[in-house]
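Here is a short briefing on one structure. It covers the sheet, the helices that lie across it, and one helix pair.

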Amino acid sequence: MTAPRRLIVGITGATGTVFGVRLLQLLKDTDVETHLVISRWGARTLVHETPFTAEEVRRLATRSYAEGDQGAAISSGSFVTMGMVVLPCSMKTLAAIAHGHADDLVHRAADVVLKERRRLVLGVREAPLSTIHLENMLKLSKMGVVISPPVPAFYTHPRTLDEMVDHTVARVLDLFDVHLEGADRWSGTMTAGGKAVAPPQPTPLAAAPRRPRRGGR
């Protein structure tokens, strides 16, 4: 029996809710089921930062759950999933997961994913990072959690903010072996001024300058 391709998606109150929305949009036409929970502050940040309502975003998912629904399918380890991504992940959620506080469904689902040894990816979003933040990340990293801040890449020469968001989300999905067609990837070719530049070639050993010997023959 083939295990279902299900991904739990959490959207919390950190800035960058557009990353979670775009992830749901990109997965909508794939074979991956998305099981969404938006925290209370995630919903508030969403309407501040994007043109979407929380209800519109919930409709992008295969199934969505209320923040306080502790009896939801995703709160049980018997509900088989590929894992969970929290994008964006607030420092409050990071701390709650690190210290085992399952006081809402985002934290509860993450706790279940950890116990079942499934992949948990946290798109932490904060700057600057305090010692407490870093200690919480280190604690979870030692437990196998992937800490993946939504950091933009510039080697793809993005022309718009949307392109930067898409590249970041594609890299997150790579962590679950979900590889989207059309995603910009590093080709190994460097450019200068928009033109390809050949990488420097190693100097042949015979032509390499020799260092003068000191003493002796």
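This is a predicted model. Six strands form an open, parallel sheet. Helix 4 and helix 5 lie across strands of that sheet, and helix 4 also packs with helix 6.

**Sheet**
- The strand order is 3-2-1-4-5-6.
- Strand 3 (63–65) and strand 6 (146–147) are the edge strands, and each pairs on one side only.
- Strand 1 (residues 6–11) pairs with strand 4 (residues 83–89) in the parallel sense, over four bridges.
- Within this pairing, Ile 8 stands opposite Met 84 of strand 4.

**Helices across the sheet**
- Helix 4 (residues 91–98) lies across strand 4 and strand 5 (119–124). Helix 4 runs at about 150° to strand 5.
- Helix 5 (residues 105–115) lies across strand 1, strand 2 (33–38), strand 3, strand 4 and strand 5. Its angle to strand 4 is about 140°.

**Helix 4 with helix 6**
- Helix 6 spans residues 131–142 and packs with helix 4 at an angle of about 45°. Their axes are 9 Å apart.
- The two helices are therefore oblique to each other.
- Their crossing is left-handed.
- Helix 4 contributes Met 91, Leu 94, Ala 95, Ile 97 and Ala 98 to the contact. Helix 6 contributes His 133, Asn 136, Met 137, Lys 139 and Leu 140.
- Seven of the contact residues are nonpolar, two are polar and one is charged.

Definitions and conventions:
Residues numbered from 1 in each chain as written. Predicted model: local features only at pLDDT ≥ 70, side-chain atom pairs only at ≥ 80, totals over all residues. Heavy atoms only, no water. Pairing = 2+ DSSP bridges. Contact = heavy atoms within 4.5 Å. Axes fitted to C-alpha atoms, helices over the stretch in contact; angles between N-to-C directions. Parallel < 35°, antiparallel > 145°, perpendicular 65-115°, else oblique. Left-handed = near helix turned anticlockwise from the far one by under 90°. Nonpolar A, V, L, I, M, F, W, Y, C, P; charged D, E, K, R; others polar.
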